[in-house]
Amino acid sequence: MTQFDTLTEVQENLKNGAFTCAQMIEAFLERIEKHQNLNAFVEVYAHDARSRATVIDAKLKHGTAGKLAGLVVGLKDNIVYRGHKVTAASKMLEGFESLFSATVVERLLEEDAIIIGRLNCDEFAMGSANKFSHYGPVKNPLNLKKVPGGSSGGSAAAVAAGLCHAALGSDTGGSIRQPASFTGTIGFKPTYGRVSRHGLIAFASSFDQIGPFARSLENINLLYETMAGPDDYDNTVSQKEVETVPPEQNEKPRKIAYFKDALTSEHIDKEVKEATFEFIEDLKAKGHTVTGIEFPLLDYLVPIYYILTTAEASSNLARYDGIHFGYRSENAHDLESTYKLSRTEGFGAEVKRRILLGTFVLSSGYYEAYYGKAQKARRLVSDKTKAIFEEYDFILSPTTPHAAFDISAESTDPTKMYLEDIFTVHANITGIPSVSLPLFQNSKKLPFGMQFSANSFQEADLLNFAKNFINK
Amino acid sequence: MKLSKEEVDKLAHLARLDFSEAEKEAIVNDMDKILGFVDKINELDLEGVEPLIYLSEERNVLRKDEAQDLVTKDEALKNAPDRDTDFFRVPKVLKREEE
Amino acid sequence: MEDILKSYEPVIGLEIHVQLNTASKAYSSDATSYGEEPNSKVSPITLGHPGTLPMLNEGVLESAVKLGVACNCQIREVNEFARKNYFYADLPKGYQITQDKTPICNGGFVEIKDANGADKKINLTRIHMEEDSGKSSHDIDPFNTLIDLNRAGTPLLEIVSEPEFKDGTEAYNYLSEMRKLVRYLDISDGNMEEGSLRCDVNISVKPKGQKEFGTKVEVKNLNSFRNVQKSIDFEIKRQVELIESGGTVTQQTRTFDAGSGKTQVLRAKEDAHDYRYFNEPDLQPVIVKEDYIASVKRNLPALPKELFAKYRKLKLSEYDANLLTESKELASYYEEIIEHTQNYKGAANWIMGSIKSYLNERAASIAEFPLQAKTIAELQILVDAGKVSNSAATGELFKALLEDPEASPSELAQKLNLIQESNEDELMAFVKQALSKYPDKVEAYRNGKKGVQGLFMGEVMKLSKGKADPKVASKLVTQELEK
């Protein structure tokens, strides 16, 4: 009952009585239990899911069920759900219960999706391996010794292991697409401003977007269309109408660009490189124009990303102070010690590092040299990208420079991890929509994905184009 | 660029974080590597470039001035680490506080 | 001392925070409030809960533009918001959303009177929008600081003046003018005691003629206009005395102790806070265009300055004009009276006399005054027509109307027998009658005993049953006696 990758199949079975939602939920709960070793779930809403399932079974009988009836979804532990705990995988939010639900959660519930639990991730979404979590690392279901990617590692693992139909994650520098690549799932980041951030625990305000993980494009599209669109609670949401993905496949030849220098970079794994070039030939054979172009700003993408996101994060995380909610140190004996002890004990090392960096780049004397410059560099990247889309429909790259690495791999150099994001950050810097498609496997049977990006607000076209490579 | 321990202290204080001496060593080294990494941005010629500040093109997103009762007092205080019936509580040193 | 003071020039600037009276907060829709149960007027946004985002209140923008127009400021077209980052117990997000490099108003001025009553213009540097913090109380619980977030997020306008004040009196007058203005514009209660208007002072002194400024001292936590005034006057003297005795003024923050009348150190100079201002990424810029400003201008109420000028033109004294424009409500009451009568002075006297005493006795405001402006106008019309004497109008008739506010003054005057007889023919009959009653007194008058006029006046009043208009009666009596 848990094996279906598309909602259509699920709804067919529900319709013809092969099983009920209630039965399906039991099957999922059992499966989740069996795969506890993945450490994908932080909390399972067994009781909630069971009662929702009963309600939805009744609605299905009466023909009043919503579009997403039968869809079982997990939420990344940084998307708030009223009356439920949420911690951003941090000790700093231990015990915190949200007073409201994220807009995306409300929209999913309105259409009768069932939320089965909250999913592990890197603390405050900062990380690329889901190793920086208060709850411990998540294991890649395809190889338990490997990371699932991050920061939405739990979401990717849960979907890959069939513990739910789909999951929501968040993507600030690749945190949906990179884990999708490592786990062989589809991960999609919409255009910045397409999906409301109301209820997403903020990491970097001008980079964050919520997006879906799934095993089928059908489910990706359904979730995207349900969540996207104007919202009264997020000032940055676009008022542009959300186009639905056309049902017919678009087979006409398209113009695709890739960054020449990216594929010759020393950071990229040989197999990934070869697979990418093969894929490019394949695309050409199908009639598409695929051109390697210059993108001289490639080396600056990750530095821009780190300067700007840590700056915004250092400010966004100032509210975690042990005063009004969240963790407070036992040893707090006055205001200053409440701040310092609570934050020092509550945050993990990576978060603290990023807060420090962010504080530094905003501090007086350094603002212009780092933050000011990075904002200008962002303009350059954005302008260059707009120019590219005047000539091309899509930008192609491997999602990640290699497949999943070992959980046990340690590095003393924090910047090593930064280069994981080298292909994904571009979409967050510019705000463009981007999807990772699970198209390849390396010689060790580990998946890695191909990433397509389109111009802002061209999701419908992008997701439609993806149908050329994924047939469900 | 290399940050001194004093500068790390200043930053830590601004961010209300405490580091042990050993941790500070590690941080000075980490920051060194990180800043070395992001320093790359100085290679760019950014003369006359307008900073990109707002990714969204929306303007004048305003809300009507209407009051709503959104949460009760108990809900507001529910997550407080320490509270009495009405207030959030923070321990204080028994001396005159400013402001 | 006076001479020494005269050889120094104080350089004083005021920073005012005005709390706006919008229904909801600056960036969230929980209600603004005062005196409510702690932590009962908040929202997840105000609490700074994870996942919350600000949403700008259009009322804040409107209030800011209203004030900017009223002060002749330049209104900025592209408005952006910034985060001011610092940690304090009553600042739930760990930053305040304010405006840094792009204040909504630049320049502008406010007209006041200086210590000698001469006109003076105080120029403004800027006005910008921001949000208030919550309240921490340190004195209720001996072991804890208690935090109430009701006030957090309340919209504020920060008004920064140029450093052009010369003494405490000017500051006092400026604050009065600002309070009047925000009340006229109906954007704030402007009440310093309740905290809806706050003032910080920046003050330094330098020897006259010196170009370099002296060291600046900040005075905060002032809770009345009078204390602002006193603290400035004290601080000028303190700084001058210090310099004269060979000392130097230290940069510091001080408060004013009303009991001793002195300023005291609150905290010594600290390293300037590094607020790490950067553009607020969660709020999109707000574009204020000419047509918006024009529509705000069109809908502005008449302002105190305009009304003052108008009343002076109507030949009211400065004193009268000032009193009448004290509050918008009083002025609009007056405006209504003079819609019905052109006796501007008479109408003013009603307000400054009978009405004011009535209100003062009850500590009430004009809004609570039971009589309509039209009624007062009718009273004045009766007096001007000679139908009722002024003393009857302000006395018995006024009192009677207060008991029966819906009654018509002329009907009530009839009922109470207060209508004066001013018809000359009618009165002439009484005068002739009176004169014929005391022919010997007439003789006496004609022989120089002018005092007997009183006797005849009395007789005429008796004959007319008290209704004779004394002015007319007196004229006729004199006329007849002088024949």
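The following legends describe close-up views of a predicted model.

**View 1. The second largest pocket lies between two domains of chain C.** The pocket encloses about 830 Å³ of space. Its lining comprises 27 residues, and those closest to the centre are Glu111(C), Lys113(C), Glu177(C), Lys180(C) and Asn322(C). Because domain 1 (2-291) and domain 2 (302-415) of chain C both contribute residues to the lining, the second largest pocket is placed between them.

**View 2. Strands and helices of chain C line the second largest pocket.** At least two lining residues come from each of strand S7 (109-113), strand S8 (119-131), helix H3 (168-184), helix H6 (304-313) and helix H7 (318-324) of chain C. H3(C) gives the largest share, with 6 residues. By residue class, the lining of this pocket consists of 12 nonpolar, 5 polar and 10 charged residues.

**View 3. Arg254(A) and Asp393(A) form a salt bridge within chain A.** The closest N and O atoms of the two residues are 3.2 Å apart. Arg254(A) is located in the loop between helix H7 (217-227) and strand S7 (255-259), and Asp393(A) in the loop between helix H13 (368-391) and strand S9 (394-398), so the salt bridge ties together parts of chain A that are 139 residues apart in sequence. Arg254(A) is buried, at 6% relative accessible area, whereas Asp393(A) is partly exposed, at 26%.

**View 4. Lys260(A) is joined to Glu294(A) by a salt bridge.** The closest N and O atoms of this pair are 3.2 Å apart. Lys260(A) belongs to helix H8 (residues 260-263) of chain A and Glu294(A) to the loop between strand S8 (289-293) and helix H10 (301-316), so the pair ties together parts that are 34 residues apart in sequence. Lys260(A) is partly exposed, with a relative accessible area of 37%; Glu294(A) is also partly exposed, with a value of 47%.

**View 5. A salt bridge between Asp30(B) and Arg353(A) crosses between chains.** The closest N and O atoms of Asp30(B) and Arg353(A) are 3.0 Å apart. Asp30(B) is in helix H2 (residues 21-38) of chain B, and Arg353(A) is in helix H12 (residues 349-362) of chain A. Both Asp30(B) and Arg353(A) are buried.

**View 6. Salt bridges link residues of chains A and C in a network.** The network contains Arg197(A) and Asp234(A) together with Arg83(C), Glu280(C) and Asp282(C). Over all chains, the count of salt bridges comes to 58.

Notes: Residues are numbered from 1 along each chain as its sequence is written. Chains are lettered from A and ligands numbered from 1 in the order in which they are written. This is a predicted model: local features need pLDDT of at least 70, side-chain atom pairs count only at pLDDT 80 or more; totals for chains, interfaces and linings use all residues. Side-chain values use heavy atoms; hydrogens and water are left out. On a 1 Å grid over the protein atoms alone, a cavity is a set of points where a 1.4 Å probe fits but cannot get out, and a pocket is an open set with protein on both sides within 12 Å along at least five of seven lines; lining residues have an atom within 4 Å of a point. Grid points are joined across faces, edges and corners, and a volume is the space filled by probe spheres set on the points. Helices (H or I, at least four residues) and strands (E, at least two) are DSSP runs, numbered from the N terminus. Ala, Val, Leu, Ile, Met, Phe, Trp, Tyr, Cys and Pro count as nonpolar, Asp, Glu, Lys and Arg as charged, and the others, Gly among them, as polar. Domain bounds come from an automatic or database domain assignment. A salt bridge is a side-chain nitrogen of Lys or Arg within 4 Å of a carboxyl oxygen of Asp or Glu. Buried means under 20% relative accessible area, exposed over 50%, partly exposed in between (1.4 Å probe, protein chains only).
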